[in-house]
Amino acid sequence: MKVKVIFDTNIIKDTNPESFLGGRVELQKFAEIAEIILPDLVIEELKCQKRKELEKNKGLFLKNPFHWLRNINQEDTENFDNEAHITELENKEDIKYTIIHLKNHSVLDQIKELAINELPPFQTGGKGFKDTYIYFTILEYLQTIPDKYVFVCTKDKVFQTALQKHLNIKVIENFEEFEKNIGLNIPSEYTLQEIQELYEGIEYRDKWLNIENNWVLSFTEKNHKRFILFDSVANEMIGTVVSTQDLSILLADLNEDKSYNDMGIFIRGLEKYYLYFSKDHFLQILQSSTDNYCIYNSQIARGEIKKIFNRNDNTKNFLNTTDDLWEQFIQKYNFQS
């Protein structure tokens, strides 16, 4: 399960008429390993900012002498549909996000109380209604999710003060802070010491995220490789598996010329490593399954490959592969994505 990160308007605001969400470089980093959550008021604020900027620039463009010097039709400019353009940007947005809404409007009395007493998220002078509305949207959302824990990304200090009162909300300002709080610094010296006490002679080598957004730590141990699965949120070991070789070398056998039956048995044996595969491992399987006739012509192997890619609805998004490779796979395996 991906960690949930809720974003304030000041992180994603952008008046750029070419894209919907702002802060795209940061957001794309978050999107790789987290679920992006946007309160509905954040979306409306973003649209309002773009609406005002488009209207302002339309007026400036109409006054610009190059508008008539280039014989651009004034009526076309005046009739340009800003709202339709914003809707188009929203529909074409390729960074995936979930919108949350405040449904319980009985919180109005609590909002009024905070406003009267100028308590966070309200500021001195009564400013801060939008932040307060988002604040209660977040609190309500927390009650609807199983883990009841979220990150909130905001640069507003007063808003931060209100959020920090809740132990199940972790406030951050950027991706760097997020990294420090979700175990991207795994393995710590303490974690390594625990593992070394558990498995004698083990040597740390590498780490990666799996399809469920948990960490896999790779170790060399005597004559084999050990892979340890860590829960990204709880930061604790939740599984382990061993192999005589690195997983990428193991998967190289998918390119071999085997009998149909042997290939099917080999792929079936990969099941135990499923939660230990990285994105690159899955891509390796995907590429081999489209290239090697021993896989796609074998009824057993085809079935086992389809099981691998049917196991998680998020597989295509996790792989973030080219459309061409994914389409080849779909066509060869009659795969429903």
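Begin by selecting the five strands of the open sheet in this predicted model, which follow one another in the order E3-E2-E1-E4-E5 and pair in the parallel sense. Colour strand E3 (98–100) and strand E5 (169–172) separately, since these are the edge strands, each pairing on one side only. Looking along the sheet, you will find neighbouring strands turned by 30° against each other on average, with direction ignored.

Stay at the E5 edge and add strand E4 (residues 150–153), which pairs with E5 in the parallel sense over four bridges. Within this pair, pick Cys153, which stands opposite Ile172 in E5.

Next, bring in the helices that cross the sheet. Helix H2 (residues 24–33) lies across strand E1 (3–7), strand E2 (34–39), E4 and E5, and runs at about 120° to E2. Helix H8 (residues 129–142) lies across E1, E2, E3, E4 and E5, and its direction is at about 165° to E4.

Now move to helix H14 (residues 279–291), where a check on length is possible: at 1.5 Å a residue its 13 residues should span 18 Å, and the end C-alpha atoms are 18 Å apart, so the two values agree. At the start of H14, display Ser278, a side-chain oxygen of which reaches to within 3.3 Å of the backbone nitrogen of Asp280.

Finally, show the side chains of His281, Phe282, Ile285, Leu286, Ser288, Ser289 and Thr290, which are buried in H14. To see what surrounds them, select the elements against which the buried residues of H14 pack, among them strand E6 (202–209), helix H12 (247–251), helix H16 (299–310) and helix H18 (323–333).

Definitions and conventions:
Residues numbered from 1 in each chain as written. Predicted model: local features only at pLDDT ≥ 70, side-chain atom pairs only at ≥ 80, totals over all residues. Heavy atoms only, no water. Pairing = 2+ DSSP bridges. Helix = DSSP H or I, 4+ residues; strand = E, 2+ residues; numbered from the N terminus. Axes fitted to C-alpha atoms, helices over the stretch in contact; angles between N-to-C directions. Contact = heavy atoms within 4.5 Å. Expected span 1.5 Å × (residues − 1). Buried < 20%, exposed > 50% of the residue type's maximum accessible area, 1.4 Å probe, protein only. Polar contact = N/O pair within 3.5 Å; in protein donor to acceptor, adjacent residues only side chain to side chain.
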